[in-house]
Amino acid sequence: MSPQDAFIARVTALRNARPQAAPDRESAAEGGCGVIGLASTVPIAGRHLVTPLAQMRNRGNGKGGGIAAVGLDPTAMGVSAEMLADDYLLAVAYVDPSVRDEVERTWLHAAYCVDHVWDVPRMADWRELPGVEVAPPEVVVYFVRPRSDRLAAFWAQFAPQSGLGPHAKRVEDEYVHQTNHRFNVDYYAGANGTRAFVLSQGKDLLVLKMVGYAEDVIRYYRLDEFTAHVWIGHHRYPTKGRVWHPGGAHPFVGLNEALVHNGDFANYQAMCDYLAQRGLKPLFQTDTEVAAQVYDLHRRTYGYPLEYVIESLAPTTERDFVQLPADKQAAYAAIQATHIHGSPDGPWFFIIAESLREAWRLIGITDTSMLRPQVFALQEGPTHQIAFAASEKQVIDAVLDDLSAADDRFWGRADRYWAARGGSHTDGGAFVFEVTRDASGGKALRCTDKFGRAVTLADVGIGVDEAAVEGVLVDISAVAGVLVERDQHGGANGHANGLANGHANGASNGHSNGHSNGFAMETTNGTTNGTTNGQSNGRASDPADPRTLVATWTPAGADAYLDALVAAASPADPTARTAVFAALDALFDGPYDPGALRASRLLARLDDTLARVVEAIASAHCAGYRVWAGPGDDARPGDDARPAPNESIDRPTLIIDAAGLHLDVEGPASVARVLVERAALGWRRFVVVGCSGHRFIGAGFGAESGDVRIDVYGASGDYLASGIDGATIVVHGSAQDQLAQIMKRGTLVVHGDVGQAFMYGAKGGHAFVRGDAAGRPLINAVGRPRVVINGTCLDYLAESFMAGDPLRDGGFVVLNGLRSDGRGRWTELETPYGGGNLFSLASGGAIYVRDPHGRVTDDQLNGGAFQPFTAADWAVVEPMLRRNEALFGLGVDRLLTHAGMVQPPESVYRKIAPGQVKALQAEEAWVAHAGH
Amino acid sequence: MALKAEPTPTLIGKVTHYLHDGFHARSHGLYEAPPALGDARWTADLLMAGWYQAEHGRPPAHLEHRIGASGGGFDRLAFRFEDGPGADASAAAADEDALAAIDTTIPLNRRDGGRQIVLTAPWYGGGMSFGSVSENVMVSRARAAAAWGTLTCTGEGGYPPGLVPFKENVITQVATGLFGVREETIQHAPVIELKYAQGAKPGLGGHLLGDKSTTAVANIRESVPWVSLFSPFPFHSVYSVEDHKKHIDWLRTVNPTALISVKVSTPADVDMVAVGSYYAGAHIIHLDGSYGGTGAAPEIAKKNIAMPIEFAVPKVHRHLEAEGIRDQVTLIASGGVRTAYDIAKAIALGADGCVIGTAELVAMGCTRCSNCERGRGCTYGLTTTDPELQAFVQPDWGAMRLLNLYESLQWQLRDILHRLGMQSVRELRGRRDALRYIAERGGAM
């Protein structure tokens, strides 16, 4: 037996021998959650999580909230940096404060040398926290070392001791783990009631939790100014048990890590059995606990590298497995064979904070099927790096907003947002953000995927150092290994028409032409624009289009331009305001080369500018634009001053400021309901600004709402455009999950990415997505939806698609497999579709995939089949691509360009349609025969 | 018609073949012929009693109209008064006036001051989609629901135009396939039913085999004609309870005044599901147990999975009580609720009311020949959209039969309440003490 095996065998035997609580598996709770994690080279104060967490309350129910913090500030707790690094940080929650003396006397000092005690401060009265119904525990943090006599006695149980040399540290860790486990059994999970329990027990890792929301934890324990390099916040939404207990809240700990979870496990019992065979039993009656135990077992006890631990949790399966290199297949097959019963089955997204001597880590892992929402993000400045993993993009933006208000190093937008493809051979469905320290105290943040491959900002055209833009650019193509084609016109095509799509709304059509900024304004959604193939239609020669100017701007130049926009919007002049919105849209939507500017910083500046423009309009309504003043403002279109006689304003715009009015995310006072109610008063054109996760925007207008148009800015929320029947909705940025459910008619434009289950059950309508879709787009869609996705999808695109015959008014999806790189250029992805399930079980419609290299293969199809791409197909695809060009500046010629030449469509696009010849149904035959 | 005592290897082979290939391929040979009149759960007596009630508005005197012969479920439960003298429930009740004074109404909204719906009697009609049944059947049910003061449900096949005049009495079902669900159909509805699962086939979505997916059916679902339709087993937008809440919030955005019903099957943790649904905003929690009928589910699912409804109802009822929210939510039981006695038993076990489906088809002539999944399989024109066959059921005729059935069910329910000394069906809820278990058929425990 190797020393490693001997160690594991001994640990398992000792764990089995210790007293156990009788776990009540029946009553283990499950439920949903909202999660956020961040890792930063700059210490982040707890208060920056308060607003973001409050914005995500609708993912919890106040029955459990918790935080974990890693990379702490020793001075805040009154210890030295050395003690923080060397001592175990034992956080004990006293549910019954009266047992503290007894605990310290009979247990703590017997097991540990206590170097320092920090009473975690707390609010004088927990009842001041609205909605909190259960007293939070009193928490005391002890900085401890195992007593040497006890440790020696524990160590003596390991044999042969001679083999333990390399494991000395691990024995000490195990001593702490088992000692505290006994304590938890005695004081929390056993027969003596829930009096106290260990919250966290690693080094430089603090966990706090209570019955409430996560931000309640920060408030109650006065963590507003408490800093850490890694934070996790978690709202719990349990569905069982009337007596809520803080021990059931997340995070759960092993030793060096804290884990939070959104989702639940279908195989909780099997996981318990798996763990029981290895001497571990859950104590806290929440399914998540077993995931933390599995992680800790594999990581600390078995000593697996992180990649293998991730594989054990989210196994690589199906086509992705066979795409792995042979050595990985062998290793993964062994992991799966051994540990599949410890692998949580079901929807889950884990965020883990890990504190190791060499690094502080934030890890996000999604389940193989990507059933929970997940988004990752990265922002890098000259003197900071910050990374996120969260349930929603909006909560990330909220943290950045909060940080940027307090600290000039940050700005309100991340440089990159993305999602993981669960259990994949591409990124492994997991990302690891690691903060490391050098000898001089400098910090660096490194992001890698499951396989250890670095994620940089190179592929969005951004280097860490803004001053060295050109140098970084050179690296892009090398690092990303993608085709970077410098298309002379690529970024420019069709922009003038794209503008027209934005805001023809303030003034009647055409009236703004030639005004201040002189943008070409058109009234259509691009369908009738006169763009011809690939022509750079005037933008390059139009000095007023800000996109042609950006590349020459300095930050100060940008500010001056944006200030000028605010000034132009200030007089009550609808024509000028229309032009201002057109300019803002051009800059929000891009793509363009931002030159020396950081695109994300420019976007953050635009957010501020938009807010100021809205403020200006609010103080001077005009016939074309009105800012809704809130409940009680029942103005109808036309109530404001009439325009000059030679102007006719037939489509005035109502601006809804979600942030300024503190409108609810859902419910009767939500943005979505406000829109519907204002529409009942006659309004048809809307601009929604200041979104922070506001849901259902566009829902509720009912049938025949073809003349409604909504432009949405900020971090809009889930279910946007769901059910629309004719309306046009434009999202100036990325959108979240469940967009355009059951969409019937109308147009949805998203100048960014869309999240999960996009257009689920859609019946029709046209949608244009500049970037990617996450998992399950177009699933169960019927009728005639027509969609262009310019990026790719995680997986399960158009499963059970039933959208008729695309050549006879049916539906289809065009998948272009390109990405705009932040420099205004479109580059090809390695493959237009990496997932193992494309068009599965579909009975109608088609996928048109831009795949000149033929990288999509038959084994990705389950029921679909490649079919010849004909002129008839191009006849339905081209009009959609023309509109797409007008919206996103992605020229049809660029799409048809391959190997340096414009190719015929059938050389670039491939058609996937239902494969099987349908069996003749008996009734069908009878009806045909009877002539019915 | 029973099978031979010992099935022959040939028969076993054939049945195995049907399990794999579907019963619609059945050749109707001598031994494997479907029972012409019922089965153990729906006995010939029950079917004929259903027909009789639909004719007369009262139960028949000489048929067993209270229970079937399944040897389980509600057939193993009896009211204690059935033991004593005068146990024959069909005996003339003492006083029709006294009976008429007994309250059978139940409210559906117990949690907020929004829309109030009070049902005349503690049941409404379950979801049967356009496609699984004809539009004439749907309109018959809607017409009866409107006349009687109850509700019926669209199922997940869309909203045929014939239902619109009755929209105040029609629940719009939002199920995992989202077929035919549009904003206006959500806005029509007094109650929106989120169907997560069906007790007859939990873990499976809706099925409509290609043979029944006629051009008319496919048009309203906007699918491809003559292609089998399988709804996904989950909502792809709902994998967690906060997603569920979001889903409800969405529907409430589209129709803020509708009540929300959450229809789930009965897995082992059904109590947790119920509580989670309540906190997500549901007014009605609808438990669909395993005895339910469906025209289109694999036999393996129909016969083998989900918790029996008589276990699930008390489990959830007690759990809701323990949570302190029992009086804020309406608990509805379904899945094999056939008779007035079944309804009363479900209520005594802890439900507020029931959903009935097959009983209504029986009133319109169904003999449980279990040929529902075929396009031209239904001899009575019920589970078909075939243009010829569906003409057998005319809405005025169908509605009249359903009204007679409702009348009879209400009369029997009042009779039961009268025997229990209760003045209102609301008193019966959770009175498990009024029931006893029949240990063996005919014997007392």
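**Notebook: chains A and B of a predicted model**

**Entry 1. Helix α20 of chain A**

I began with α20(A) and found that 15 of its 21 residues are buried, so the helix is largely enclosed by the rest of the structure. The model is a predicted one, and I read every value below in that light. I then checked the length of α20(A), which covers residues 599-619. At 1.5 Å a residue its 21 residues should span 30 Å, and the end C-alpha atoms are 30 Å apart, which agrees.

Just ahead of this helix I looked at A:P591, which sits in the loop between α19 (574-589) and α20 of chain A. The peptide bond from A:G590 to A:P591 is cis, with omega near -10 degrees.

**Entry 2. Other backbone exceptions in chain A**

I noted a further cis peptide bond, from A:H250 to A:P251, with omega near -5 degrees. I placed A:P251 in the loop between β8 (227-238) and β9 (252-253) of chain A. For context, most peptide bonds are trans, and most residues other than glycine have a negative phi.

I next looked up two residues with positive phi. A:E318, which is not a glycine, has phi near 50 degrees. A:E318 belongs to helix α12 (residues 318-322) of chain A. For A:N780, also not a glycine, phi is about 60 degrees. A:N780 lies in the loop between β24 (766-769) and β25 (786-789) of chain A.

Which class of burial does A:N780 fall into? I found 29 C-beta neighbours inside 10 Å, so A:N780 counts as buried. A:E318 has 13 such neighbours inside 10 Å and therefore counts as partly exposed. The cut-offs behind this reasoning are 20 or more for buried and 12 or fewer for exposed.

**Entry 3. A four-stranded sheet in chain A**

I traced an open sheet of four strands in chain A, in the order β4-β5-β3-β6, with antiparallel pairing. Its edge strands are β4 (112-119) and β6 (196-200), each of which pairs on one side only. From one strand to the next the twist averages 35 degrees.

I followed the pairing of β4(A) with β5 (residues 138-146) of chain A: the two run antiparallel and are joined by seven bridges. As one register point I recorded A:V117, whose bridge partner in β5(A) is A:Y142.

Which helix lies across this sheet's strands β3, β5 and β6? I identified α7 (residues 168-189) of chain A, which runs at about 145 degrees to β6(A).

**Entry 4. Residue A:R299**

I located A:R299 in helix α10 (residues 288-301) of chain A. With 22 other C-beta atoms within 10 Å, A:R299 is buried. Setting aside neighbours within four places in sequence, I found A:R299 in contact with A:Y304 and A:V309. I also took the separation from A:H181, 118 residues away along the chain: the two C-alpha atoms are 18 Å apart.

**Entry 5. Chain B and its parallel strands**

I counted 14 helices and 14 strands in the secondary structure of chain B. Of its 445 residues, 60% count as buried. Among its contacts between residues at least 6 apart in sequence, 67% join residues at least 24 apart.

I then examined β11 (residues 284-288) of chain B, where five of five residues are buried. In a regular strand the side chains alternate between the two faces of the sheet. Both faces of β11(B) are covered, with B:I284, B:H286 and B:D288 on one side and B:I285 and B:L287 on the other.

β11(B) is joined to β10 (residues 259-264) of chain B by four bridges, and the two run parallel. In this pair B:S261 has B:I284 as its bridge partner. With α8(B), these strands form a right-handed β-α-β unit. β11(B) also pairs with β12 (residues 330-334) of chain B, in the parallel sense and over five bridges. There I found B:L287 opposite B:A333.

**Entry 6. Where chain B meets chain A**

I closed with the contact between the chains: 42 residues of chain B are in contact with 60 residues of chain A. On the chain B side, the elements giving two or more residues are α5 (183-188), α7 (241-254), α8 (270-279) and α10 (309-323). Of these, α7(B) gives the most, with eight residues. By class, I recorded 16 nonpolar, 12 polar and 14 charged residues on the side of chain B that touches chain A.

Notes
Residues are numbered from 1 along each chain as its sequence is written. Chains are lettered from A and ligands numbered from 1 in the order in which they are written. This is a predicted model: local features need pLDDT of at least 70, side-chain atom pairs count only at pLDDT 80 or more; totals for chains, interfaces and linings use all residues. Two strands pair if DSSP finds at least two bridges between them. Axes are lines fitted to C-alpha atoms, for helices over the stretch in contact, and angles run from 0 to 180 degrees between N-to-C directions. Two residues are in contact if their C-beta atoms, placed from the backbone, lie within 7 Å. The expected span of a helix is 1.5 Å times one less than its number of residues. Ala, Val, Leu, Ile, Met, Phe, Trp, Tyr, Cys and Pro count as nonpolar, Asp, Glu, Lys and Arg as charged, and the others, Gly among them, as polar. A crossover is right-handed if, with the strands pointing away from the viewer, the path from the first strand over the helix to the second runs clockwise.
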